[in-house]
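Trainee: I am new to this structure and would like to go through it step by step. Could we take one question at a time, with the reasoning spelled out?

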Amino acid sequence: MGFMRWDFVVLVLVLLILSVAAEFCYGGRTSSFVRTANLSLDMPVDSDVFLVPPGYNAPQQVHITQGDHVGKGVLVSWVTPDEPGSNTVIYWAENNTTLKKQADGIVLTYNYFNYTSGYIHHCTIKGLEFDTKYYYEVGIGNTTRQFWFVTPPEVGPDVPYTFGLIGDLGQTYDSNRTLTHYELNPAKGKTMLFVGDLSYADDYPFHDNTRWDTWGRFTERNAAYQPWIWTAGNHELDFDPDIGESIPFKPYENRYHVPYEASYSTSPFWYSIKRASAYIIVMSSYSAYGKYTPQYKWLLNEFPKVNRTETPWLIVLMHSPLYNSYVNHYMEGETMRVMYESWFVEYKVDVVFAGHVHAYERSERVSNVAYNIVNGLCTPINDYSAPVYITIGDGGNFEGLATEMTEPQPSYSAYREASFGHGILDIKNRTHAYFSWHRNQDGFAVEADSVWLLNRYWNSLEESSVAAL
Ligand SMILES: [Fe+2]
């Protein structure tokens, strides 16, 4: 009997040591997946994915995003090429086809160097029912086109919801693969969280803005049917004083409207929305964010507003990652990390998604907020109040993959791989969400990496420790 007790004690000790080891001596994983080194080419402008819809002045580049703060609004945008046409959207619920309503929007154009845009329409539909399928029609008067969307369930703490994640998409054959895989993924993402760098038009001579048009037509097949939540990346800046273009974000700001005023933001580059059980804060890596700046002041007020009893999942989107162990764009997010990481920890952000680095990387829950210039404490440490940082800038643009990594892999980096792909964030309830990453080389349903995320507000430290084993 005494022997059995000692055996038991030893077993418990071993388990304890293993659990401590799992918590504090983890080793990151660098995938050895073999991929082609060839750069991906942009799809030619006559590709079928860029087809101009038939009919005089037919609306094209149709895309939607959330149109208010809670999900009862949808902001519809489209371009008419020949004349302004109508700014009206006609819409009706699937379950009430006889009651057709209409909303009226605005139309605008912009010039960029030697390019003049088509007529860009933006129309916000408000007062929709939650969890309802709606059809909508644009192009009233000439050629009309019809699409549909499904509104999210009412905001609440245990509402399951599935988000897609794509960044740095571009318009190559790989971009098309990424989007197709996302569309075919049986997890069925309902809303796209897009972490910046859309068309890469700025990589063309004089920022050829016709490539903004082709990108709009390419993504319409998805973005007209589910909201894409936009984050501004560096390829949205289109800042080129040498050709007389010194207004940052001009094409992006004209083409991709967002509901920033609904969250009392003064700029479309930083804003927030609630959707189902998630509170999503979008930050701008390329707008001023130092102390006293408009973005800083907005964020200062924004984080305390988040009610985790209503929206348990606090998600931050930005373009330039705060934790990045690739050589490409190394440390570019460092100044923003210094400014805001302590808030992410204080307000228990669940996950921060970023793009920019053309690869995938997932961090452990770590923070690095102790450093104060003189104390030398500059190593990330385990922190159960810290977010998981996920870089998902692997949409497939023609700049190619970021294959060079810093060595050795830092201990905070849980998994990294330079392959194109997309992510799925599947929120189950207030405590559990499942994140998966799907590389393009595999079948769309294959998970190359995945992790259960335990909500930072609703899970105690002890539960987190157990889950991490
Ligand atoms: Fe970028």
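Mentor: Let us begin with charged side chains, keeping in mind that this is a predicted model. Glu334, Arg337 and Glu341 are joined in a network of salt bridges.

Trainee: How many salt bridges does the structure hold?

Mentor: Side chains of opposite charge can pair when their charged atoms come close. The network of Glu334, Arg337 and Glu341 is built from such contacts. For the structure, the number of salt bridges is 16.

Trainee: Which residue forms a salt bridge with Arg416, and is that partner buried or exposed?

Mentor: Arg416 itself is buried, its relative accessible area being 0%. Its salt bridge is made with Glu407, where the closest N and O atoms are 3.3 Å apart. Because the relative accessibility of Glu407 is 60%, and exposed begins over 50%, the partner Glu407 counts as exposed.

Trainee: Which parts of the chain does the salt bridge between Arg439 and Glu417 tie together, and how many residues apart are they in sequence?

Mentor: The closest N and O atoms of Arg439 and Glu417 are 2.6 Å apart in this salt bridge. Arg439 belongs to strand S25, residues 432-439, while Glu417 belongs to strand S23, residues 413-417, so the pair ties together parts of the chain whose separation in sequence is 22 residues.

Trainee: Which other residue meets Arg439 in a salt bridge, and is that residue buried or exposed?

Mentor: Arg439 is buried at 9% relative accessible area, and Glu417, with 0%, is buried as well. The side chain of Arg439 also meets that of Asp442, at 2.7 Å from N to O. Since Asp442 has a relative accessible area of 18%, and buried means under 20%, Asp442 is buried.

Trainee: Which residues form a nonpolar patch on the surface, and what is their accessible area together?

Mentor: One member, Ile373, sits in the loop between strand S20 (366-367) and strand S21 (381-382). Ile373 counts as exposed because its relative accessibility is 70%. The patch consists of Tyr371, Ile373 and Val374, and their accessible area together is about 380 Å².

Trainee: Which way do the side chains of strand S13 point, and what is the bridge partner of Met192 in S14?

Mentor: In a regular strand the side chains alternate between the two faces of the sheet. In S13, residues 191-194, Thr191 and Leu193 point one way and Met192 and Phe194 the other way, and all are buried. S13 pairs with strand S14, residues 228-229, in the parallel sense over two bridges. Within that pairing, the bridge partner of Met192 is Trp228.

Trainee: How many bridges join S12 to S13, and what kind of unit do they make with helix H2?

Mentor: Strand S12, residues 161-166, runs parallel to S13 and is joined to it by four bridges, with Leu165 standing opposite Leu193. Helix H2, residues 173-184, completes the arrangement with S12 and S13. A similar description holds for S13, helix H3 (residues 210-223) and S14, which make a right-handed β-α-β unit. For S12, H2 and S13, too, the unit is a right-handed β-α-β unit.

Trainee: Which strands stand at the edges of the open sheet of eight strands?

Mentor: The order of this sheet is S1-S23-S19-S22-S18-S17-S16-S15, with mixed pairing. A strand at the edge has a single partner strand, so one side is left without a neighbour in the sheet, and this applies to S1 (29-30) and S15 (271-275).

Trainee: Which residue stands opposite Phe353 in S22?

Mentor: Strand S18, residues 351-354, and strand S22, residues 388-392, run parallel and are joined by four bridges. In S22, the residue opposite Phe353 is Ile390.

Trainee: What separates the C-alpha atoms of Ala359 and Phe420?

Mentor: Ala359 is in the loop between S18 and strand S19 (360-363), and it is buried, with a relative accessible area of 0%. Ala359 and Phe420 are 61 residues apart along the chain, and their C-alpha atoms are separated by 6.6 Å.

Trainee: Where does UniProt place the "Purple acid phosphatase C-terminal" domain, and what is its strand content?

Mentor: An unreviewed UniProt entry lists this domain at residues 386-445. The end C-alpha atoms of that span lie 29 Å apart, its helix content is 0%, and its strand content is 42%.

Note on methods: Residues are numbered from 1 along each chain as its sequence is written. This is a predicted model: local features need pLDDT of at least 70, side-chain atom pairs count only at pLDDT 80 or more; totals for chains, interfaces and linings use all residues. Side-chain values use heavy atoms; hydrogens and water are left out. A salt bridge is a side-chain nitrogen of Lys or Arg within 4 Å of a carboxyl oxygen of Asp or Glu. Buried means under 20% relative accessible area, exposed over 50%, partly exposed in between (1.4 Å probe, protein chains only). Patches are made of residues with over 30% relative accessible area and no salt bridge: like charges are joined within 9 Å, nonpolar side chains (Val, Leu, Ile, Met, Phe, Trp, Tyr) within 5 Å. Accessible areas come from the Shrake-Rupley method with a 1.4 Å probe; for residues, only the protein chains shown count as cover. UniProt positions are given in the numbering used here, feature names are shortened, and annotations may be inferred rather than shown by experiment. Two strands pair if DSSP finds at least two bridges between them. A crossover is right-handed if, with the strands pointing away from the viewer, the path from the first strand over the helix to the second runs clockwise.
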